[in-house]
Amino acid sequence: MGALVTLSEKTIEVLPGAVATCTVTIKNTGTVVDQFTIDILGDAAAWTAAEPPTLSLFPGTEGTTTAFFRPPRAAETPTGELPFGVRARSREDPAGSAVEEGVLVVGAYQDTFAELVPRTSRGSRGATHELAVDNRGNSRLNATVTAGDQDQLLAFDVEPPGLVVDPGTAGFAKVRVKPRQRFWRGQPKTRAFKVAVQGEGGPPILLDGSLLQEALLPRWLIP
């Protein structure tokens, strides 16, 4: 008595947030009518299910069920190969239960959020902005940070110029902005600039910022 389990595919690829399927064939190798309960073993079991979860089979006959793999789109979802097993448990002969193994290949995705604080700073000699980069993807983020203005009226110092951010964490950098030319008196002038966060294999994230450049002499000092 017992069961024989076969999979339509031994290697299954899926991206977090998507669904992949595999057809599972169960054969009753016993001599009596038996009911088999199908479940998934391994690290992927928490987000995998068989539908239907049970099959009733006559001796020598076979039936099919479908295994659904649904890894969540979350930073905690691991990437790479995850071994799994599909088990058919016999109700009439528990010792005759069978397991067939496969490999689930979970892909990587990028989901990056960046914020510049403050968006607008002010000063006569320059100012410092804080950059926060959140890695909401499930793979390590390697990003470069650059800054520039269209009229080249500002000088920038980014520290550090590169960020390595693990999934589910944040990285931080300081963006120091200085005017290339200063003026002694007059109304404040707005200097717009952009900060670019460039990851691997994707478009850059562009953040708008501005420096409100003030005169070197305060207004109260000018008669």
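**Cores, two buried polar side chains and a cavity**

In this predicted model, the largest nonpolar core, meaning a set of buried Ala, Val, Leu, Ile, Met, Phe, Trp, Tyr and Cys residues joined through side-chain atoms within 4.5 Å, has 26 residues, and those with the most contacts inside it are Ile26, Phe84, Val86 and Leu104. At least two residues of this core come from each of strands E1 (3-7), E2 (11-14), E3 (20-28), E4, E6 (54-57), E7 (62-69), E8 (80-90) and E9 (98-106), where strands are DSSP runs of at least two residues, numbered from the N terminus. A second, separate core of 20 residues includes Leu163, Ala173, Val177 and Leu211. In soluble globular proteins, nonpolar side chains tend to be buried together.

Residues are numbered from 1 along each chain as its sequence is written. Local features need pLDDT of at least 70 and side-chain atom pairs count only at pLDDT 80 or more, while totals for chains, interfaces and linings use all residues, and side-chain values use heavy atoms, with hydrogens and water left out.

Leu104 has contacts (heavy atoms within 4.5 Å) beyond its neighbours within four places in sequence, among them Ile12, Val14, Trp47, Phe69 and Phe84.

Polar residues are also found in buried positions. Asn28, in strand E3, has a relative accessible area of 1% and is therefore buried, the term standing for under 20% relative accessible area, with exposed meaning over 50% and partly exposed in between (1.4 Å probe, protein chains only). A polar atom of the Asn28 side chain lies 3.0 Å from the backbone oxygen of Leu57, and a polar atom of that side chain lies 3.4 Å from the backbone oxygen of Phe58.

Asp39 lies in strand E4 (residues 34-42) and counts as buried because its relative accessibility is 19%. Its side chain makes a polar contact with the side chain of Arg87 at 2.7 Å; such a contact is a pair of N or O atoms within 3.5 Å, where within protein one must be able to donate a hydrogen and the other to accept it, and residues adjacent in sequence count only if both atoms are side-chain atoms. Leaving aside neighbours within four places in sequence, Asp39 is in contact with Gly85, Val86, Arg87 and Arg89.

Finally, the largest cavity (on a 1 Å grid over the protein atoms alone, a set of points where a 1.4 Å probe fits but cannot get out, lining residues having an atom within 4 Å of a point) holds about 30 Å³ of space. Its lining includes Tyr109, Asp111, Asn135 and Leu141.

How values were computed
Helix = DSSP H or I, 4+ residues; strand = E, 2+ residues; numbered from the N terminus. 1 Å grid on protein atoms, 1.4 Å probe; cavity = no way out; pocket = protein on both sides within 12 Å on 5 of 7 lines; lining within 4 Å. Points joined across faces, edges and corners; volume = space filled by probe spheres on them.
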